[in-house]
Amino acid sequence: MTLADRMNHLGTETAFEVLAKARALEAQGKEIVHLEIGEPDFDTPRHIVEAGIQALQDGQTHYGPTPGIPQLREAIARNSREVRGIDTDPAHVVVTPGAKPIMFYVILALAEPGVEVIYPNPGFPIYESMIRFSGATPVPMRLIEEKGYHPDLDDLASKITGKTRLIILNSPENPCGSALTREEMETIANLVKQRDDLYVMADEIYKDILYTGEHHSIAAFPDMSRRTIILDGFSKSYAMTGWRLGYGIMPPELVPHITRLAVNSVSCAATFSQFAAIAALDGPQDDVQAMAQEFSQRRRLITDGLRSIDGINCPEPEGAFYAFPSIRETGLSSSEFEERALSEAGVAILSGSAFGEYGEGYVRLSYANSQENIAKAVESLRKFVGSL
Ligand code: PLP
């Protein structure tokens, strides 16, 4: 088969491949602890499920408007005014099946050959994949272990050129677990404002899972909302990965273009999921807080456990549900560590190199698993590393 050349530039996300390998080992009777997949292990809160069922029973089983049903766009705008402190309205909002399409569409709409896009590295692999797919040049913003996986902002300033059209931020960050401070956001906002035609895509999908301080949206800084596309969704905050629902909040002039990409690809997000999402935003937030609380205890357990293993160094995650320890002292490459942790220790984790060139020397452990399983995984990894 002769594939279009653009397919040579499209990357992937390896979490699903490791999951498949782990499942194959389980089918052979091997016990595996799953720390590879980035999804909350909790079920969607009851009142949200009930709103979804009610919508189905009410006949919400048809196509809806491409940018989302008006009630949900309104609820997202209201929620964002309250939670992010930004001045926005439904005309800024596009709802998509999961937040990933926002990433896809925004990069397709803004990036092209000759344009540079700055993105976090180690970072969510789809950013680099999509930048390359668009033909633009990916420019990595290195997150530095010694800085708790924060970027060097002088280095960032030196990377912004006349060709830079988009800077991608992800705070709290996957895979590093770091979260930008208010001061860092402000410095980045000031850099962005020095240029015309430079935008920020702020991936805030982990904003509700933050252990240190408050979430700050770069869109809330003066004159930034017209330069920012916020990406968020329901997968992580409300444990709704399978409902496939996310959204972007963006300058209104971008909305028709993102909507055009959506109409060309997915038509709309599932209508009943959108009604469930209204219940998620407008209903009680106790479950969101309870999940964040539980993640906080797991973070303690996994960080302390990994730090107690000779040869592993684990900076403290500030948000999301990932630990990103350095495994350099073990003498293994990241992918060797990934493979052998699975086959010899029965622990499924991801190689840091799956998150970009600066991820070599690290591995990602998702602590979206029970405290009991996390403790088990740490002990198995201790024996494995001790045996090297
Ligand atoms: N952004 C980041 C950083 C993520 O880790 C993920 C999912 O893993 C997403 C966006 C996409 O989430 P979804 O498409 O499920 O809303």
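Contact here means heavy atoms within 4.5 Å. With that in mind, here are the close-up views of this predicted model.

**View 1. Two domains meet in this predicted model.** Domain 1 is built from two stretches, 5–43 and 286–386, while domain 2 covers 46–282. Where they touch, 40 residues of domain 1 are in contact with 39 residues of domain 2. Step back a little, and the C-alpha centres of domain 1 and domain 2 turn out to lie 25 Å apart.

**View 2. The ligand occupies the largest pocket.** Around the ligand there are 14 residues, and those that come nearest are Ala99, Asp203, Tyr206, Ser235 and Lys236. Sorted by class, this shell holds 6 nonpolar, 4 polar and 4 charged residues.

**View 3. Ser235, Lys236 and Arg244 reach oxygen atoms of the ligand.** Zoom in on Ser235 and you will find a polar atom of its side chain 2.7 Å from a ligand oxygen. For Lys236, a polar side-chain atom is likewise placed 2.7 Å from an oxygen atom of the ligand. Arg244 joins in too, with a side-chain N or O atom 2.9 Å from an oxygen atom of the ligand.

**View 4. The protein buries 93% of the area that the ligand exposes on its own.** Taken alone, the ligand exposes 400 Å², and that is the area to which the percentage refers.

Conventions
Residues numbered from 1 in each chain as written. Predicted model: local features only at pLDDT ≥ 70, side-chain atom pairs only at ≥ 80, totals over all residues. Heavy atoms only, no water. Near = heavy atom within 4 Å. Polar contact = N/O pair within 3.5 Å; in protein donor to acceptor, adjacent residues only side chain to side chain. Areas by Shrake-Rupley, 256 points an atom, 1.4 Å probe, with all protein chains shown as cover. 1 Å grid on protein atoms, 1.4 Å probe; cavity = no way out; pocket = protein on both sides within 12 Å on 5 of 7 lines; lining within 4 Å. Sits in = over half its atoms within 2 Å of the grid points. Nonpolar A, V, L, I, M, F, W, Y, C, P; charged D, E, K, R; others polar. Domains from an automatic or database assignment.
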